[in-house]
Amino acid sequence: MSSGDKDTWLSVPEVAERLALSPSRVRRLVEDRALLGRKIDGVFVIPGVLVMDDEPLPHLAGTATLLIDGGFSEDSALDWLLAPDEQLGTTPADALRAGRKSEVRRIAQALAV
């Protein structure tokens with residue numbers, strides 16, 4: 001997935017097609033926090049940046065769980081992942097895409113209450 005997909009939001013059927021999975025399996029990935037999304041205009045969508053090389057973004061589930069267990073809602077965790085972070089110099093999602101899991105998790109843990 002190219003950086004041009006940074007602002008792309010994908011429906012469950014679109015993610016299912018990209019990942020070669022059934023829509024029910026994609027919904028299970030969302031339940032397991034391997035993917036995060038939200039309803040926009042009544043349709044549940046997933047940020048394209050959270051899909052990498054035809055699979056869910058590596059280390060997203062653990063990072064999302066860390067945030068949510070630390071007091072973030074799923075929406076606020078998703079917002080944090082997509083917003084530029086001064087310490088990272090990029091968004092946490094892009095830092096995870098670049099393999100910077102430890103750095104992202106360190107910051108997430110400091111933010112968790």
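Val 15 touches Leu 10, Val 26, Leu 35, Ile 46 and Val 51, leaving out residues up to four places away in sequence. The model is predicted. Val 15 also belongs to the largest nonpolar core, which has 33 residues. Val 15, Val 26, Leu 35, Leu 50, Leu 57 and Trp 80 have the most contacts inside this core. At least two core residues come from each of α1 (12-19), α2 (23-31), β4 (51-52), α3 (60-69), α4, α5 and α6 (101-111).

**Helix α3 and its cover**

The buried residues of α3 are Leu 60, Thr 63, Ala 64, Leu 67 and Ile 68. Seen down the helix axis, they fall within an arc of 130°, so they line one face of α3. The cover over these buried residues includes α4, α5 and α6. Just after α3 comes Gly 71, with a positive phi of about 110°.

Ala 108 sits in helix α6. Its relative accessibility is 0%, so Ala 108 counts as buried. Beyond its neighbours within four places in sequence, Ala 108 is in contact with Leu 66, Leu 67 and Trp 80. Leu 67 is one of the buried residues of α3. Trp 80 is among the core residues with the most contacts. Ala 108 and Ala 64 are 44 residues apart in sequence, yet their C-alpha atoms are 8.9 Å apart in space.

**A buried acid without a partner**

Asp 85 lies in the loop between α4 (74-82) and α5 (92-97). Which side chain of opposite charge is nearest to Asp 85? It is Arg 100, 7.5 Å away. A salt bridge requires a side-chain nitrogen within 4 Å of a carboxyl oxygen, so Arg 100 does not serve as a partner at that distance. Asp 85 is buried and has no salt bridge. Its side chain instead reaches the backbone nitrogen of Leu 88, at 3.1 Å. Not counting residues up to four places away in sequence, Asp 85 touches Trp 80, Thr 90, Thr 91, Pro 92 and Ile 107. Trp 80 thus appears again, as it is also in contact with Ala 108.

**Salt bridges**

Side chains of opposite charge can pair when their charged atoms come close. The model has 6 salt bridges. Three of them are listed here.

| Pair | Closest N to O distance |
|---|---|
| Asp 32 and Arg 28 | 3.3 Å |
| Arg 33 and Glu 74 | 3.8 Å |
| Arg 38 and Asp 75 | 3.3 Å |

Arg 33 lies in the loop between α2 and β2 (38-40) and Glu 74 in helix α4, so this pair ties together parts that are 41 residues apart in sequence. Glu 74 is partly exposed, at 38% relative accessibility.

The pair of Arg 38 and Asp 75 also reaches helix α4. Arg 38 lies in strand β2 and Asp 75 in α4, so the bridge joins parts that are 37 residues apart in sequence. Is Arg 38 buried or exposed? Arg 38 is buried, with a relative accessible area of 17%. Asp 75 is partly exposed, at 40%.

Arg 28 and Asp 32 belong to a network of salt bridges that also links Glu 31. Asp 32 is partly exposed, with a relative accessible area of 37%. Arg 28 is partly exposed too, at 43%.

Definitions and conventions:
Residues are numbered from 1 along each chain as its sequence is written. This is a predicted model: local features need pLDDT of at least 70, side-chain atom pairs count only at pLDDT 80 or more; totals for chains, interfaces and linings use all residues. Side-chain values use heavy atoms; hydrogens and water are left out. Helices (H or I, at least four residues) and strands (E, at least two) are DSSP runs, numbered from the N terminus. Buried means under 20% relative accessible area, exposed over 50%, partly exposed in between (1.4 Å probe, protein chains only). Lys and Arg count as positive and Asp and Glu as negative; His and the chain ends are not counted. A polar contact is a pair of N or O atoms within 3.5 Å; within protein, one must be able to donate a hydrogen and the other to accept it, and residues adjacent in sequence count only if both atoms are side-chain atoms. Contact means heavy atoms within 4.5 Å. A nonpolar core is a set of buried Ala, Val, Leu, Ile, Met, Phe, Trp, Tyr and Cys residues joined through side-chain atoms within 4.5 Å. The arc is that of the directions from the helix axis to the C-beta atoms.
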